[in-house]
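Work through the exercises below with the sequence and the model at hand. Each task is followed by its solution in steps.

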Amino acid sequence: MGAGPSSAPVSVAPVADKSQRRLGHLADLTESDLPERLARDGRLLADFALFLQESGRQKELLDLYALDLAGAVDWSDSGEARPACVPCADRRNKLIDCCCKLIEGLESSWEEYQTSPEGLGNFDDTQEWMPHDLPAPAILEEIQKSDDSRKVSKDHANYAFSIAAMVGIHVSVVCSDLIMTWANEAAGSEEACAEAFHQRLPWLDFETCIQEQVRLFPVPPIGSAYSPQTCLDKTFFIEEFAPRLFSEVRRYSGISSAAYFDSVCRTDFEFIAFGTNSKSGELFFFTYDHQYLIKTTSEMEAQTLVRMLPSYLDRLQQEPRSLLGRYLGLYRVHMEGDQSKLFFVMRSVTAHNLGISHTYDIKGSVRNRKAESHDSVGKDLNFDEEMGTSLQLPPEVA
């Protein structure tokens, strides 16, 4: 399902905090801690969704999904779905009324969940995470054969970030996949899920919500039913941006969640190779199999990526063979005592079995963009001299 393009500015600066404030306001109005607690912990959201799904409460599961999405956007400017003639304050009040009704409808199940052994009573059981645990023995054996001198050992300056990034991606994608799957099943299809949202919150635009949605996941060192134990001594937090849309990008790129985890979410972190781009100051590293690249990014770049995401996804849906680079996820890690880091995951351009005769780092500029003859990677001017100033590509791969 592709989302329609949005030209509205998209913010990536502590978006989860904004969602917490919006849903926290609902908590004050309804005297329920449900909205604020779910906004603070995506693992809890997934566990409550599981409780509703296993007890056959499909309507309430869709209510929960709608409430989760509602916190994604500014309620004073909630997208094209609202009539322009309705004053901003009235739209906001109507949205608040709709959300309060969703909370009231969920409150009984929420109270039951918190006292049930199958609900919150099972949340801290680390054995529940075992089906998702990594790495598989065969992959560990392959990793341990590596002689790459760029391994990230425990003494590496970015070792803690590597752990937080890999484990955080695993936790967030597992939880978001579960939430999305159960919501689609409760509605009957992806399209029906969007329609169920519109029925509950007609003042919000579904496409805008899934584009701007951010989920926050605490990852404690002791582990839980939705996160593994880690070697870090403190809880870290990871934000996952536009989880539904990036899940679709991975799907249209032929990448299953299992394959994504097997490459990106390694738990033996001594085997991840880092590099540094000295000019941009951004950090990047490859997965152990060199299939994917993890790169830190600026807020401006992240904002551009989220803004173009619907149109980008439409292109991949129309032409799955497109040679466009594949942006597979956008995340932010928060660690105590360290500056938060925005980063994205891309599929490596060399993730294929074809022979490579030339390699170029293309920036779209000619200033200082010529590599020395002894360099293994050319730049823009080298490409122009050796390959010509344009590429003739068929439409299906452009």
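**Exercise 1.** Find which residues line the second largest cavity, and which element gives the most to the lining.

Step 1. A cavity is a set of points on a 1 Å grid over the protein atoms alone where a 1.4 Å probe fits but cannot get out, and lining residues have an atom within 4 Å of a point. Step 2. The lining consists of Tyr65, Ser176, Asp177, Met180, Gln213, Arg215, Glu240, Pro243, Arg244, Ser247 and Arg250. Step 3. Two elements, α7 (159-187) and α10 (243-252), give two or more residues each; helices are DSSP runs (H or I, at least four residues), strands likewise (E, at least two), numbered from the N terminus. Step 4. α10 gives the most, with 4 residues.

The model is predicted: local features need pLDDT of at least 70, side-chain atom pairs pLDDT 80 or more, while totals for chains, interfaces and linings use all residues. Residues are numbered from 1 along each chain as its sequence is written, and side-chain values use heavy atoms, without hydrogens and water.

**Exercise 2.** Name the acidic partners of arginine 369 and state whether arginine 369 is buried or exposed.

Step 1. A salt bridge needs a side-chain nitrogen of Lys or Arg within 4 Å of a carboxyl oxygen of Asp or Glu. Step 2. Aspartate 361 meets this rule with arginine 369 at 3.8 Å, and aspartate 380 does at 2.8 Å. Step 3. Aspartate 380 lies in helix α13 and arginine 369 in the loop between β7 (341-347) and α13, so this pair ties together parts 11 residues apart in sequence. Step 4. Arginine 369 has 9% relative accessibility and therefore counts as buried (under 20% relative accessible area; exposed is over 50%, partly exposed in between; 1.4 Å probe, protein chains only).

Note on methods:
1 Å grid on protein atoms, 1.4 Å probe; cavity = no way out; pocket = protein on both sides within 12 Å on 5 of 7 lines; lining within 4 Å.
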